[in-house]
Amino acid sequence: MEDPKWKKFSKDLSDMLAEREDQYGTAKDRFNKIAEAWSWYLKAKNKADSDLIKGEDIPALMMLFKITRMTTAMSKKNLNDSLLDLAGYASLLYEDNEDND
């Protein structure tokens, strides 16, 4: 028997991923753009010559960002939103890893 809370979480996660893709395009495209921007910033700040961050690094880095944000979540809703985002990045990282096998 499926736990109703897990079923809701799974549906919310699926809905969120679909909504983000509709709003911002594919995860891969978004992550590549973020990597370009972050690499540009880090290169300018540190005067580095190579790309420091690649698109495939972004889900893991965003997971770290979300984990950090969770330490300051002031409400159950904020914490649940961060947990949903964290699961979304984990699922995208999993999907990318599966595609690269």
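**Helix packing and salt bridges in a predicted model**

Biologist: Which residues of α2 meet I58, P59, L61 and M62 in α3?

Modeller: In this predicted model, F31, I34, A35 and W38 are the residues of α2 that meet those four of α3. By class, the contact of α2 with α3 has eight nonpolar residues, with no polar and no charged ones.

Biologist: How should the packing of two such helices be described, and at what angle do α2 and α3 pack?

Modeller: Two packed helices are described by the angle between their axes together with the distance between the axes. Here helix α2, residues 27-46, and helix α3, residues 58-70, pack at an angle of about 75 degrees, and their axes are 10 Å apart. That angle makes α2 roughly perpendicular to α3, because angles of 65 to 115 degrees are classed in this way.

Biologist: Let us turn to charged pairs. How many salt bridges does a search of the whole structure find?

Modeller: The search finds four salt bridges. The criterion is a side-chain nitrogen of Lys or Arg within 4 Å of a carboxyl oxygen of Asp or Glu. One of the pairs is D12 with K8, whose closest N and O atoms are 2.6 Å apart. Both residues lie in helix α1, residues 4-24, and are four residues apart, about one turn of the helix.

Biologist: Are D12 and K8 buried, partly exposed or exposed?

Modeller: D12 is partly exposed, with a relative accessible area of 27%, whereas K8 is exposed, at 52%.

Biologist: What separates the closest N and O atoms of R20 and E19?

Modeller: In the salt bridge of R20 with E19, those atoms are 3.7 Å apart. R20 is partly exposed, with a relative accessible area of 29%, and E19 is also partly exposed, at 41% relative accessibility.

Biologist: Which residue forms a salt bridge with D85, and where do the two partners lie?

Modeller: The partner of D85 is K66, with the closest N and O atoms 2.8 Å apart. D85 lies in helix α4, residues 76-99, and K66 in helix α3, so the pair ties together parts that are 19 residues apart in sequence. Both D85 and K66 are buried, which means that each has under 20% relative accessible area.

Biologist: What is the mean pLDDT of the protein, and which element has the lowest mean?

Modeller: Where pLDDT is low, the predicted coordinates should not be read in detail. For this protein the mean pLDDT is 85, and 93% of its residues reach 70 or more. Among the elements, α2 has the lowest mean pLDDT, 86, and α1 the highest, 91.

Key
Residues numbered from 1 in each chain as written. Predicted model: local features only at pLDDT ≥ 70, side-chain atom pairs only at ≥ 80, totals over all residues. Heavy atoms only, no water. Axes fitted to C-alpha atoms, helices over the stretch in contact; angles between N-to-C directions. Parallel < 35°, antiparallel > 145°, perpendicular 65-115°, else oblique. Contact = heavy atoms within 4.5 Å. Nonpolar A, V, L, I, M, F, W, Y, C, P; charged D, E, K, R; others polar. Buried < 20%, exposed > 50% of the residue type's maximum accessible area, 1.4 Å probe, protein only. pLDDT = per-residue confidence, 0-100.
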